[in-house]
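Biologist: I'm new to reading structures, so could you pick one small part, look at it closely, and then show me what lies around it?

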Amino acid sequence: MKAVFFDGTLKIIDMEIPRRKEHEVLIRISKAGICNTDHEILKGYVPGFTGIPGHEFLGHVQEAENRSLIGRRVTGEINCACGKCDYCAAGLGRHCPDRSVIGIMDHPGAFAEYICIPESTVVEIPEHIPDSRAIFIEPLAAACEILEQIEIPSQSRVLLIGDGKLALLIGLVVSSTGADLTVVGKHENKLSFLEESNIRTVLLTDFVREPYDIVIEASGSSSAFGLAVECTKPRGTIVLKSTCAENLDFNPSGIVVNELMLVGSRCGRFKDARAFIEKGNPRLEKLITKAFPLGRALDAFRESEKKDTIKVILKNE
Ligand SMILES: [Zn+2]
Ligand SMILES: [Zn+2]
């Protein structure tokens, strides 16, 4: 099969179709989304990463012990947990110390024709959700995770920093709480997606700094952290969503003096994201800038890095 492979440089290679182990399913991948995390991996976010990247995917089950899954359109939870430890028992497999993470840590990723994943992580896609929306389940789950971690009362003022792929999804999720949301970004064409959903947006150049109850930093850039601290009310909360390869260089006294609460936030439950799509019918397909065949993955990566690009999809059909 064809696969995208990273070993310090990104290339396309031919390799054997993976063999299904016990309790795993073999999936033929139909679509995969390129995410900011993939770019950060190429920059060194996961030291020593070698292998197939990619963790946002859809496909059809080819082989499974559970015969009823065969032929089903599915995606898979990104974290493959042990199922035995205290974290797993508490429903927190995302923090299982023995987990592997698809396309990120100790598990081959989805930029390939086939993938094997544990049957326990398979999430079925109902027929009425088109691929063009279902492909967003993984990043949307990461957006939904914020509501799992903190309460956003409808009377609260929330600032979201960022207008990239993940930030736009966070904008939709936070706005569903009824909170008074402002989104600050750098790209008019990206912010317009939220404007169409009646969400208030402002360009960074026009942004007036004032205190908010909750600030969500999802710009993907370490430099926005200072802005988040500056715009959070005393005793307010900052949610950090960016996974950056580089370190922060800033003075933390604003956090101490204003007694801010910092919440790190990573991935969430796929079922929450699927329910969000089913309930709200968000027009996620508008976020797809371009689709490339898997064989042109290197072009797709370049396209995905362009300033005006939102989501780039790899197709294997
Ligand atoms: Zn992702
Ligand atoms: Zn575990």
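**A loop residue and its surroundings**

Modeller: Happily! Let's begin with histidine 23, which is exposed because 12 other C-beta atoms lie within 10 Å. Here, exposed means 12 or fewer other C-beta atoms within 10 Å of a residue's own, buried means 20 or more, and partly exposed is in between, with C-beta atoms placed from the backbone. This is a predicted model, in which local features need pLDDT of at least 70 and side-chain atom pairs count only at pLDDT 80 or more, while totals for chains, interfaces and linings use all residues. Residues are numbered from 1 along each chain as its sequence is written, and chains are lettered from A and ligands numbered from 1 in the order in which they are written.

Histidine 23 sits in the loop between strand 2 and strand 3. Strands (E, at least two residues) and helices (H or I, at least four) are DSSP runs, numbered from the N terminus. The phi of histidine 23 is positive, near 65 degrees, although the residue is not glycine. Most residues other than glycine have a negative phi. Aspartate 106, in strand 8 (residues 106-107), also has a positive phi, about 60 degrees, without being a glycine. Aspartate 106 is exposed too, with 12 other C-beta atoms within 10 Å.

Now follow the two strands beside that loop. Strand 2 (10-14) and strand 3 (24-34) are among the elements that cover the buried residues of helix 10, as are strand 1 (2-6), strand 17 (288-293) and strand 18 (311-315). This covering is judged by contacts, meaning C-beta atoms, placed from the backbone, within 7 Å. Helix 10 spans residues 297-305, and its buried residues are Ala297, Ala300, Phe301 and Ser304. Seen down the axis of helix 10, these buried residues fall within an arc of 100 degrees, so they line one face of the helix. The arc is that of the directions from the helix axis to the C-beta atoms. An α-helix has 3.6 residues a turn, so residues three or four places apart point the same way.

Stepping back, the protein has 10 helices and 18 strands, and 43% of its 317 residues count as buried. Of the contacts in the protein with a separation of 6 or more, 66% involve residues 24 or more positions apart. The C-alpha atoms fill a box of roughly 55 × 45 × 40 Å along the principal axes.

Definitions and conventions:
Two residues are in contact if their C-beta atoms, placed from the backbone, lie within 7 Å.
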